[in-house]
Amino acid sequence: MSLSRNASRKFLSGEEVRAFRVSRDLTQTELADWLGLTPQAVGKYEIRGVTKAVALAFSAINRGLPPFKPTKDDINAVRIHDRIKALRNKDEQ
């Protein structure tokens, strides 16, 4: 069976996603906040299941890691990285 470019195999079923949320006494909104998503996305995951990337985020919640919120320094680091990359590409041409 061939998968299309955007298709991927589900790592957790929708039922398993809902069980994860309910067993931890989280609302869809609370889980969405942890994942940086909308509550609607969590609802969709509870119906369709999730891929490995989202399942790994659930694992981070289990380990008690706080949700990632980028700081101004994080954003600035990306800008600096992009400038350096652009300069390198310009020098290579």
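At 12% relative accessibility, Glu46 falls below the 20% limit and therefore counts as buried in this predicted model. The residue lies in helix α3, which spans residues 39-48. Leaving aside residues up to four places away in sequence, Glu46 is in contact with Gly14, Glu15, Val17, Arg18, Arg21 and Gln28. Two of these neighbours, Arg18 and Arg21, are also its partners in salt bridges, the first with Arg18 and the second with Arg21.

A search of the whole structure yields 2 salt bridges. In the one between Arg18 and Glu46, the closest N and O atoms are 3.9 Å apart, a separation that still qualifies because the cut-off for a salt bridge is 4 Å. This pair connects distant parts of the chain, since Arg18 belongs to helix α1 (residues 14-23) and Glu46 to helix α3, with their positions 28 residues apart in the numbering. Arg18 has a relative accessible area of 46% and is therefore classed as partly exposed, whereas Glu46, its partner, is buried.

In the salt bridge between Arg21 and Glu46, the closest N and O atoms are 2.4 Å apart. Here too the pair links distant parts of the chain, Arg21 being in helix α1 and Glu46 in helix α3, 25 residues apart. Arg21 has a relative accessibility of 10% and so counts as buried. Through the partner that the salt bridges share, Arg18, Arg21 and Glu46 are joined into one network. The side chains of Glu46 and Arg21 are, in addition, joined by a polar contact of 2.4 Å.

A further contact in the model concerns two other helices. Two packed helices are described by the angle between their axes together with the distance between those axes. For helix α2 (residues 28-35) and helix α4 (residues 52-62), the angle is about 100° and the axes lie 10 Å apart. The two helices are therefore roughly perpendicular to each other, because angles from 65 to 115 degrees are assigned to that class. On the side of α2, the residues that take part are Leu31, Trp34 and Leu35, and these meet Ala57, Phe58 and Ile61 of α4. Sorted by class, the contact of α2 with α4 comprises 6 nonpolar residues, with no polar and no charged residues.

Notes
Residues are numbered from 1 along each chain as its sequence is written. This is a predicted model: local features need pLDDT of at least 70, side-chain atom pairs count only at pLDDT 80 or more; totals for chains, interfaces and linings use all residues. Side-chain values use heavy atoms; hydrogens and water are left out. A salt bridge is a side-chain nitrogen of Lys or Arg within 4 Å of a carboxyl oxygen of Asp or Glu. Helices (H or I, at least four residues) and strands (E, at least two) are DSSP runs, numbered from the N terminus. Buried means under 20% relative accessible area, exposed over 50%, partly exposed in between (1.4 Å probe, protein chains only). A polar contact is a pair of N or O atoms within 3.5 Å; within protein, one must be able to donate a hydrogen and the other to accept it, and residues adjacent in sequence count only if both atoms are side-chain atoms. Contact means heavy atoms within 4.5 Å. Axes are lines fitted to C-alpha atoms, for helices over the stretch in contact, and angles run from 0 to 180 degrees between N-to-C directions. Angles under 35 degrees count as roughly parallel, over 145 as roughly antiparallel, 65 to 115 as roughly perpendicular and the rest as oblique. Ala, Val, Leu, Ile, Met, Phe, Trp, Tyr, Cys and Pro count as nonpolar, Asp, Glu, Lys and Arg as charged, and the others, Gly among them, as polar.
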